[in-house]
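User: I am new to reading protein models and would like to learn how to go from a picture to careful statements. Could you take me through some features, one at a time?

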Amino acid sequence: MLVKLLIVALLVAIVGALVFGGVFLVKDPSTSRRTVKALSWRVGLQVALILLLVLAFFMGWLKPHGVGG
């Protein structure tokens, strides 16, 4: 259950970083680096999510299911 909550938290953080990146892109001047930082956070969070999913699969914390299963 803890792994599933961590996955949801990472997904929410990824969407938040994406929203902040979009807001900074529209609102900030062209010399601001906040857009790059926000989108870099998003990429880092996505890598962390993928690594967590791989680890959880191999440790048996998550079990894949088939379509219609």
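Analyst: Let us begin with what a helix means here: helices are DSSP runs of at least four residues, numbered from the N terminus. Please keep in mind throughout that this is a predicted model. With that term in hand, we can place F20 and F24, which both lie in helix α1, four residues apart, or about one turn of the helix.

User: Why should a spacing of four places matter in a helix?

Analyst: An α-helix has 3.6 residues a turn, so residues three or four places apart point the same way. In this structure F20 and F24 have that spacing of about one turn within α1, and their rings form an aromatic pair.

User: How do I describe such a pair, and how many aromatic pairs does the structure hold?

Analyst: A pair of aromatic rings is described by the distance of the centres and the angle of the planes. The structure holds two aromatic pairs. F20 and F24 are stacked, with 5.9 Å from centre to centre and 25° between the planes, whereas F57 and F58 are edge-to-face, with 5.4 Å from centre to centre and 65° between the planes.

User: Which of F24, F57 and F58 are buried, partly exposed or exposed?

Analyst: The general idea is to read the relative accessible area, where buried means under 20%, exposed means over 50%, and partly exposed lies in between. F24 is therefore buried, because its value is 17%. F57 is partly exposed because its value is 43%, and F58, at 66%, is exposed.

User: What surface feature do F57 and F58 help to make?

Analyst: Together with I50 and V54, the residues F57 and F58 make a nonpolar surface patch of about 430 Å². V54 lies in helix α2, which covers residues 34–59, and V54 counts as partly exposed because its relative accessibility is 41%.

User: How do I judge the length of α2, and which of its residues are buried?

Analyst: For the length, we compare the distance between the end C-alpha atoms with an expected value: α2 has 26 residues and reaches 37 Å from its first C-alpha to its last, close to the 38 Å expected at 1.5 Å a residue. As for burial, T35, A38, L45, L49, L52 and A56 are buried in α2, and what covers the buried residues of this helix includes α1, residues 2–27.

User: Which residues does T35 touch, leaving aside those up to four places away in sequence?

Analyst: With those sequence neighbours set aside, T35 touches G21, F24 and L25. T35 itself lies in α2, and it counts as buried because its relative accessibility is 15%.

User: Which residues form the salt bridge that a search of the whole structure finds?

Analyst: Side chains of opposite charge can pair when their charged atoms come close. A search of the whole structure finds one salt bridge, which R34 forms with D28, their closest N and O atoms being 2.8 Å apart. The two partners differ in exposure, because R34 is partly exposed at 42% while D28 is buried at 18%.

User: What is found after α2?

Analyst: Just after α2, G60 takes a positive phi of about 85°. H65 is found in the segment after α2, and H65 is exposed because its relative accessible area is 68%. Separation can be read in two ways, in sequence and in space: H65 and I14 are 51 residues apart in sequence and 25 Å apart from C-alpha to C-alpha.

Terms used: Residues are numbered from 1 along each chain as its sequence is written. This is a predicted model: local features need pLDDT of at least 70, side-chain atom pairs count only at pLDDT 80 or more; totals for chains, interfaces and linings use all residues. Side-chain values use heavy atoms; hydrogens and water are left out. Patches are made of residues with over 30% relative accessible area and no salt bridge: like charges are joined within 9 Å, nonpolar side chains (Val, Leu, Ile, Met, Phe, Trp, Tyr) within 5 Å. Accessible areas come from the Shrake-Rupley method with a 1.4 Å probe; for residues, only the protein chains shown count as cover. A salt bridge is a side-chain nitrogen of Lys or Arg within 4 Å of a carboxyl oxygen of Asp or Glu. Helices (H or I, at least four residues) and strands (E, at least two) are DSSP runs, numbered from the N terminus. Buried means under 20% relative accessible area, exposed over 50%, partly exposed in between (1.4 Å probe, protein chains only). The expected span of a helix is 1.5 Å times one less than its number of residues. Contact means heavy atoms within 4.5 Å. Rings of Phe, Tyr and Trp (its six-membered ring) pair if their centres lie within 6.5 Å; planes under 30 degrees apart count as stacked, over 60 as edge-to-face and the rest as tilted.
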